[in-house]
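Q: Hi! Could you walk me through some of the charged and polar side chains in this one?

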Amino acid sequence: MNASVDRRTRLFNRTCVGVLIAFAILWLVPLAWAVDTALKPNSETTNPTWAIDNPTLASFGALLAQGDILNWYAASFITSALACAGTVVTASLAAYALSRLRFRFRWLAFWFILVGIMIPSQVLVVPRFRELGAVNLLNTYWAVILPQIPIAIAVFVFKQFFDGIPKDLDEAARIDGAGFLRTYAQIVMPLARPAVSAVAIFAFVWTWNDLLWPLLALSNPEIMTIPVGLATVQGTYGIRYADTMASAVLGALPLVMVFLLFQRRIVEGIAGTGLKG
Amino acid sequence: MASTDTGRQGRPALWFLAPFLVLYVLFIVGPAIYGLVMSFFHTSMVSTGLGEFAGLSNYAEALSSADFWSALWHTVWFTILTTPPLIALALLFALLAERTTRGRWFFRLAFFLPYVLPSAVVALIWIWMYTPELGLLSRAVSAIGLGEPNWLGDPDFAMVSLAITTVWWTLGFNFVLYLAGLAEIPRELHEASAIDGAGPWQQIRLVTVPLLSRTTSLVVVLQVIASLKVFDQMYVMTQGGPNFATRSALQYVFDVGFTDFRSGYAAAASTLFFVVVLAVSAVWLVMTRRQEPEL
C-alpha cells in the first residue's frame with residue numbers, strides 16, 4: 001500500500017512540476033517577444049513569427065546614437081547609487097542608536113520613525129514639489145535623490161538585525177577604548193552585511209523604478225531617469241515597434257543584471273528582513 | 001548606572017540619529033504636515049504662499065465631485081480585479097514549486113524577474129502585446145477563435161487589460177512571500193499526515209494552506225495597499241483613458257495638482273486617499289490581532 005501511495009505522490013509531483021513549467025514559460029513569453037521584436041528590422045515587426053529573417057541591432061544602434069537614452073542611464077545610475085548609499089548610511093546610523101544606545105527619548109524616536117512606514121510617498125508629491133521648487137532644486141538630481149534617502153522601513157530592517165548581534169562583541173570593543181562610531185563601523189556593520197545588501201538592493205531598485213515623483217521633478221530631457229524618459233517618449237515611435245522594444249530592452253537591461261547578480265539576496269531580503277519584521 | 005549611561009549616551013545618540021532624522025523631517029514628516037495644512041487653503045501651484053483660507057471647502061468639493069469618486073472607484077475596481085488572481089496564482093505557483101527541489105532558480109527567474117523591471121518598460125512591452133491585430137496577445141486570442149477585445153481602447157475592457165499586465169508584473173513578489181511561508185512549515189507535519197494516509201491533495205488542503213494563513217493575511221494587506229497606490233500602469237499605458245475610464249485616484253491628484261495647478265485641492269484629495277489606505281491597514285491590524293491567539 002505504501003508503494004502505491006508513493007507512486008501516486010510521485011505522479012502528482014510530476015504533474016505539478018509540468019504545470020508550473022508551462023506557467024513559467026508563459027510568464028517569460030512577453031520578455032522573449034520584446035527581445036525578439038527588438039532584433040527585427042522595423043519593417044518586419046508585423047510578421048507574426050518568432051523566426052527573424054534579417055536579425056539586426058539597428059534599433060539599438062539608432063537609440064544609442066540618438067543619445068537621450070545614455071543621458072537617462074547616467075541620471076538613473078547617479079540618482080539610484082547616491083540615494084542607495086544615503087539610505088544605507090543614514091538608516092544604519094539611526095538604527096545603531098535605537099539598538100545600542102540608551103537615551104531618554106529613545107521610545108519617542110522609535111515611534112516617530114515608525115509612523116513614516118504608514119505614509120505612502122505618493123501622497124506627498126504636491127507639498128514636496130512646492131518645497132523643492134521653493135529652494136530651486138527641481139530639475140536637478142538632488143530633487144530625486146534627497147527625498148528617496150529617508151526610508152523608514154530600512155531603519156527597522158537594520159535595527160532588527162543589530163538586535164540579533166550579541167552585545168558582548170561591541171562591549172568588548174568599548175572596553176578596549178573604541179568609541180561608538182568605531183564600534184558601529186568596525187564591529188556591527190561588517191556583521192550586518194546581509195541587512196546592508198538587502199537594504200542597498202531595494203533602495204537602488206526603488207529609486208531606479210520610481211516614476212511618479214521623478215516625472216514631476218524632472219522636466220528637462222537631459223536629466224530624466226530611464227522610467228521618466230521612456231514614459232515621455234512612449235508613443236513617439238509610432239509604428240516603429242522594433243525601436244520601441246529596443247528602448248524597453250535597454251531600459252530593462254541594468255535591472256536584469258542586478259537581478260541575475262543578486263537574485264538570492266533579493267528573494268531573501270523580501271522573505272526574511274524587509275517585510276515580515 | 002542606567003542614569004549616568006543615559007546622560008553619557010544622549011549626545012552620541014543625537015549624532016547617530018541626526019542625519020536620518022533631518023532628511024526624514026524635511027522630506028517625509030514635513031511635507032505630510034505641510035500637505036495637511038495646505039488642504040485647508042486655496043493654495044495654487046503658480047503662486048507662492050498658502051493663499052486664502054478655505055476651511056473644509058476643498059474636502060467638501062472633493063467629496064461632492066463626481067470625478068473624484070469615479071477615480072476612487074477605478075482604483076478600487078483595479079484592486080478588486082488584481083488582488084484575487086495575484087494571491088491565488090502566487091499561492092498556486094508556490095505550492096507547485098514546493099513539489100520539486102530542482103530548477104528553483106528557473107521559477108524565480110520566470111516569475112520574479114518582471115517585478116524588478118521599471119513600470120515604463122513593462123508598459124511598453126504590454127502596449128506592444130495589446131496592439132490591435134499585430135500584438136502577440138491579440139493574435140493568440142484570434143488564433144484560438146475568440147473575438148479580439150479592443151484591449152486598451154475599450155473603456156469597459158481597458159481596466160481588465162491593465163489588471164492582466166499587473167498580475168504578470170507583480171506576481172513574483174507574492175510568490176516569494178509564499179515560498180518563504182512554505183519553508184517555515186515543519187516537514188514532520190507533512191510526514192505525519194502522509195503516515196495517516198493523506199494524499200498529496202488532502203495534505204495541501206488540510207495541512208499546508210491552513211498553516212499559511214498568516215502569510216496569506218500579510219500578502220492580502222500588502223497587495224491591497226499596493227493596488228490602491230496604482231498610478232504608473234495607467235499613466236503610461238492609457239493616460240487614464242479612454243475617456244477617463246482608467247483614471248486612478250493618484251492620477252486624479254496629479255491632474256488637479258499639476259494640470260489645474262490647484263495644490264490645496266490636490267492636497268485635500270491626497271489626504272482623503274491616505275485615509276483610505278490607513279483604514280485598510282487598520283482593519284488588517286485589528287483582524288490579525290484577533291487571529292494571533294489561535295496561532
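**Charges and contacts**

A: Happy to. Arg14(A) is exposed, with a relative accessible area of 60%. Keep in mind that this is a predicted model.

Q: Where is Arg14(A) found in chain A?
A: Arg14(A) lies in helix α1, which covers residues 2-38.

Q: And which residues gather with Arg14(A) in a patch of positive charge?
A: Arg7(A), Arg10(A) and Arg102(B) join Arg14(A) in that surface patch.

Q: Switching to salt bridges, how many does a search of the whole structure find?
A: Eight, over all chains. One of them links Asp36(A) and Lys40(A), with the closest N and O atoms 3.4 Å apart.

Q: Are Asp36(A) and Lys40(A) buried or exposed?
A: Asp36(A) counts as buried because its relative accessible area is 9%, and Lys40(A) is buried too, at 2%.

Q: What about Lys159(A), which residue does it form a salt bridge with?
A: Asp163(A), with the closest N and O atoms 2.7 Å apart. The two sit four residues apart in helix α7 of chain A, so about one helical turn separates them. Lys159(A) is buried at 15% relative accessibility, while Asp163(A) is partly exposed at 37%.

Q: How far apart, N to O, are Arg240(A) and Asp243(A) in their salt bridge?
A: That one is 3.0 Å. Arg240(A) is partly exposed, with 39% relative accessible area, whereas Asp243(A) is buried at 7%. In chain B, Asp67(B), Arg247(B) and Asp255(B) form one network through salt bridges that share partners.

Q: Last one: what does the side chain of Thr45(A) reach?
A: The backbone oxygen of Asn42(A), at 2.8 Å. Thr45(A) is in the loop between α1 and α2 of chain A and is buried, with a relative accessible area of 1%.

Definitions and conventions
Residues numbered from 1 in each chain as written. Chains lettered and ligands numbered in written order. Predicted model: local features only at pLDDT ≥ 70, side-chain atom pairs only at ≥ 80, totals over all residues. Heavy atoms only, no water. Patch = residues over 30% accessible without salt bridge, like charges linked within 9 Å, V, L, I, M, F, W, Y side chains within 5 Å. Areas by Shrake-Rupley, 256 points an atom, 1.4 Å probe, with all protein chains shown as cover. Salt bridge = Lys/Arg side-chain N within 4 Å of Asp/Glu carboxyl O. Lys, Arg positive; Asp, Glu negative; His and termini not counted. Charge placed at Lys NZ, Arg CZ, Asp CG, Glu CD. Buried < 20%, exposed > 50% of the residue type's maximum accessible area, 1.4 Å probe, protein only. Polar contact = N/O pair within 3.5 Å; in protein donor to acceptor, adjacent residues only side chain to side chain.
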